[in-house]
Amino acid sequence: MRYGVSLSHPDLGTDPGFLKDFAQAVEGAGFDHVLAAEHVVGGHPDRARGEKVHTADVPYHEPFVLFGFLGAVTERLELVTSILILPQRQTVLVAKQAAELDLLTGGRLRLGVGVGRNWMEYEALNEDFTNRGARIEEQVDVLRRLWTQELVTFDGTWHHLDRIGLNPMPRQRPIPIWMGSFVGQVVEKVIRRIARLADGWFPQMSPSDLAPVLERLLGYAAEAGRDPSSIGIECAIAVRAGDDPDRWIERADAYRALGATHLRVMTAGGGFTTPQEHLAGALRWIEALTT
């Protein structure tokens, strides 16, 4: 099992010196990867209409730029978007940015993508919120073609390419594409999409809730002609200040028994009050799981 740490943007602040120290500390402690979510913009909180969506009062770093910085100060840490809201971004530009980041970091990018649920971001970026599910499927196809073919000709619903190519190309051909799904909600068409298209999945549920959904996902993958064992599964453990490490170990064992290939620690909302406390919580977690 590979271990990762979620970078909690609102909690870790904007000091580049600390962000560098954070990345180097988790790499030195034995973490395999660092994950970062994204929000390009947020609206005024009163526009959220009571829904749990990102608003402008919560800071987020831009993941490609952030990972360019962190990639330059680390040596082996995998850099994972978890997730990039792909349909609100222009596909060919994402292909270029991801290829460049992957090249300059020696093949350390894993691109986690999803559709998101914040219409305000789509509105601000002049992208259609209503067809995002269908569009992401075509986007994934276009991305993989651009990362593996010198010149791409493609005539789809939303993308029309006539002998178009990236130069330089990424180190990984193609870059792994993983997919996320909404927390606390199982949308069956999303599970089917992940089974058909994704190299891996970021579920957000307890082991008992995950078991039946994972069984269906692997079944859908087999129906699509894929080897179900080729799909990576990255689960999460939320930690709290003062936690008993035995709880983390028990939860990790449960996910491992289900076939999880990756596990990440999340410190957001755990009662940590400073960036340093968040880092210390993550380091305590990895020590408990690896000693």
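The protein comprises 10 helices and 10 strands, as described here from a predicted model. Taken along the principal axes, the C-alpha atoms fill a box of roughly 55 × 45 × 40 Å. A compact globule of 291 residues would have a radius of gyration near 19 Å, and the value of 19 Å computed for the protein therefore agrees with that expectation.

Two helix pairings were examined. In one of them, helix α2 (residues 16-28) and helix α10 have axes that come within 11 Å and cross at roughly 10°; because angles under 35 degrees count as roughly parallel, α2 is described as roughly parallel to α10. On the α2 side, the contact is made by Phe18, Phe22, Ala25 and Val26, which meet Pro275, Gln276, Leu279 and Leu283 of α10. Sorted by class, the residues of this contact are seven nonpolar and one polar, with no charged residues.

In the other pairing, helix α8 (residues 207-223) packs against helix α9 (residues 245-258) at an angle of about 10°, and the axes of the two helices lie 10 Å apart. That angle makes α8 roughly parallel to α9. Here Pro207, Leu210, Ala211 and Leu214 of α8 meet Arg251, Ala254, Tyr255 and Leu258 of α9, and the contact between the two helices is made up, by class, of seven nonpolar residues and one charged residue, with no polar residues.

A search of the whole structure for internal cavities of 30 Å³ or more returned one, and the volume of the largest cavity is about 30 Å³. Strand β1 (2-6) and helix α10 (275-290) are the elements that give two or more residues to the lining of this cavity, and the largest share, three residues, comes from α10. The full lining consists of Val5, Ser6, Ser8, Leu12, Phe22, Thr267, His278, Leu279 and Ala282; by class, these are five nonpolar and four polar residues, with no charged residues. Two members of the lining, Phe22 and Leu279, also appear in the contact of α2 with α10, Phe22 on the α2 side and Leu279 on the α10 side.

The backbone was also inspected for unusual geometry. Most peptide bonds are trans, and most residues other than glycine have a negative phi. Against this background, a cis peptide bond joins Ser82 and Ile83, with omega at about 0°, and Ile83 has its place in strand β3 (residues 78-85). A cis peptide bond also joins Arg173 and Pro174, where omega is about 10°; Pro174 is situated in the loop between β6 (160-164) and β7 (177-180). With regard to phi, Arg49 has a positive value of about 55° although this residue is not a glycine, and Arg49 is found in the loop that runs between β2 (33-36) and α3 (63-72).

Key: Residues are numbered from 1 along each chain as its sequence is written. This is a predicted model: local features need pLDDT of at least 70, side-chain atom pairs count only at pLDDT 80 or more; totals for chains, interfaces and linings use all residues. Side-chain values use heavy atoms; hydrogens and water are left out. On a 1 Å grid over the protein atoms alone, a cavity is a set of points where a 1.4 Å probe fits but cannot get out, and a pocket is an open set with protein on both sides within 12 Å along at least five of seven lines; lining residues have an atom within 4 Å of a point. Grid points are joined across faces, edges and corners, and a volume is the space filled by probe spheres set on the points. Helices (H or I, at least four residues) and strands (E, at least two) are DSSP runs, numbered from the N terminus. Ala, Val, Leu, Ile, Met, Phe, Trp, Tyr, Cys and Pro count as nonpolar, Asp, Glu, Lys and Arg as charged, and the others, Gly among them, as polar. Axes are lines fitted to C-alpha atoms, for helices over the stretch in contact, and angles run from 0 to 180 degrees between N-to-C directions. Angles under 35 degrees count as roughly parallel, over 145 as roughly antiparallel, 65 to 115 as roughly perpendicular and the rest as oblique. Contact means heavy atoms within 4.5 Å. The radius of gyration is taken over C-alpha atoms; the globule rule is 2.2 Å times the number of residues to the power 0.38.
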